[in-house]
Amino acid sequence: MPLTPEQLAEIEALRATPRPTLRAVSEGMEAHLYRAHQVLDHGFIRVIDYMGDDAAIVQAARVSYGAGTKHVSNDEGLIRYLMRHWHSSPFEMCEIKLHVKLPVFVARQWIRHRTANVNEYSARYSILDREFYIPAPDQLAAQSRVNNQGRGAVLDGPEAARVLDILKRDAAQSYDSYESMLSQDGQQGLARELARMNLPANIYTQWYWKTDLHNLFHFLRLRADAHAQYEIRVYADAISACVKDWVPLAHAAFEDYRMGGTTLSAKAIETLKRRLAGESVTQEASGMNKGEWREFVALWGEA
Ligand SMILES: Cc1cc2nc3c(=O)[nH]c(=O)nc-3n(C[C@H](O)[C@H](O)[C@H](O)COP(=O)(O)OP(=O)(O)OC[C@H]3O[C@@H](n4cnc5c(N)ncnc54)[C@H](O)[C@@H]3O)c2cc1C
């Protein structure tokens, strides 16, 4: 379970005491505030706070006095224009603060996104919980034979059972050792900052993570993508669902231009033009290298 009954009671108490404000409020995001959205077996994301809404992006772009324009369609057009032309600073006017509980190996990928503010649970100060990520059977897959950085078919039968057994056994054993090293029962007890070092990377950690909408979109672009590892992708998907409710116009533009769109090189544009004119262009004639050509053909077909 991602949250204890005490933590849930604390959250409910906060939700039960709303206060009036003059700040911009996104109704969609208010519904997410404090609520934990479960991710993986013990993880979650919770929106702790946010600043701004779609109108704040428009307001900043126009450096205006009011709340956006009178017409939603104008706001939508402007937001799409900003997204299309990489005018990023108006999106930086919106901020989000999340509480995230995630396995350490996912945290290692996540922390590479440097344009955020982070405060992590201290395993020097506190004792970590006995909570480990154990993949669901449908995520227990073999090494991909075509992609060195990915997984292939799901493991079956006895191999899957053996792997699950190893993961559970090692986690339990290392946590038992952790507790035994920490114990002050008849011994001094090893410092927490040292005892943690042989815990496996599937143990859960937690942090507060704050970033602006521009950098959040960058994070989502990379981590909600099919090339990202499943275990971080599910966090990105959960965050993306909240962002959709928070800034629906900006999120729709992001989905359209960044997630659904693609960048074309000058060579790719030229090849497409030649194809439209009826020419059959080969890889050699396109000037693209093999990797570029493979990706080009995957999108636009062979001829
Ligand atoms: C599918 C996938 C596979 C990956 N594989 C690997 C891997 O094998 N090994 C590995 O080490 N990493 C890997 N990464 C991590 C990747 O290289 C990036 O470190 C990570 O995605 C963070 O991206 P970022 O630096 O753009 O984000 P952020 O750190 O949030 O930065 C956002 C942008 O700000 C600018 N910026 C931030 N800091 C600086 C700076 N100090 N100097 C200049 N510009 C800056 C850059 O324009 C950057 O794009 C992988 C990522 C993905 C999505």
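Annotated sites, a ligand shell and the packing of helix α8

UniProt, in an unreviewed entry, places the feature "binding site" at Gln109, Trp110, Ile111, Arg112, Glu120, Tyr121, Ser122, Ala123, Arg124, Arg196 and Arg223. These positions span 115 residues in sequence, and their farthest two C-alpha atoms are 29.2 Å apart, so they do not all gather at one spot. The coordinates behind that distance belong to a predicted model.

Two of the listed positions can be placed in the fold. Glu120 lies in strand β4, which covers residues 117-120. Tyr121 belongs to the loop between β4 and β5, the latter being 141-143.

A further "binding site" annotation from the unreviewed UniProt entry covers Ser89, Arg112, His113, Arg114, Glu120, Asp212, Leu213, His214 and His218. Here the span is 130 residues in sequence and the farthest two C-alpha atoms are 27.4 Å apart, so these residues do not all gather at one spot either. Arg112 and Glu120 appear in this annotation and also in the one described at the start.

Which residues are around the ligand in the model? They are Arg112, His113, Arg114, Thr115, Asn215, His218, Leu222, His227 and Ala228. By class, this shell consists of two nonpolar, five polar and two charged residues. Among its members, Arg112, His113, Arg114 and His218 are also named in the annotation that includes Ser89.

Asn215, His218 and Leu222 of the shell fall within helix α8, residues 213-223. This helix packs against helix α9, residues 230-246, with the axes 9 Å apart and an angle of about 135° between them. That angle makes α8 oblique to α9. The crossing of these two helices is left-handed. On the α8 side the contact is formed by Leu216, Phe219, Leu220 and Arg223, which meet Ile232, Arg233, Ala236, Ile239, Ser240 and Val243 in α9. The residues of this contact divide into seven nonpolar, one polar and two charged. Arg223, part of this contact, is also one of the positions in the annotation that opens with Gln109.

Helix α8 also passes helix α10, residues 248-259; their axes come within 11 Å and cross at roughly 45°. At that angle α8 is oblique to α10. This crossing is right-handed, whereas that of α8 and α9 is left-handed. Leu213, Phe217 and Arg221 in α8 meet Ala250, Phe254, Arg258 and Met259 in α10. The contact of α8 with α10 has five nonpolar, no polar and two charged residues. Leu213, which takes part in it, is also named in the UniProt annotation that includes Ser89.

Conventions. Residues numbered from 1 in each chain as written. Predicted model: local features only at pLDDT ≥ 70, side-chain atom pairs only at ≥ 80, totals over all residues. Near = placed C-beta within 6 Å. Nonpolar A, V, L, I, M, F, W, Y, C, P; charged D, E, K, R; others polar. Axes fitted to C-alpha atoms, helices over the stretch in contact; angles between N-to-C directions. Helix = DSSP H or I, 4+ residues; strand = E, 2+ residues; numbered from the N terminus. Parallel < 35°, antiparallel > 145°, perpendicular 65-115°, else oblique. Left-handed = near helix turned anticlockwise from the far one by under 90°. Contact = placed C-beta atoms within 7 Å. UniProt positions renumbered as here; feature names shortened; annotations may be inferred.
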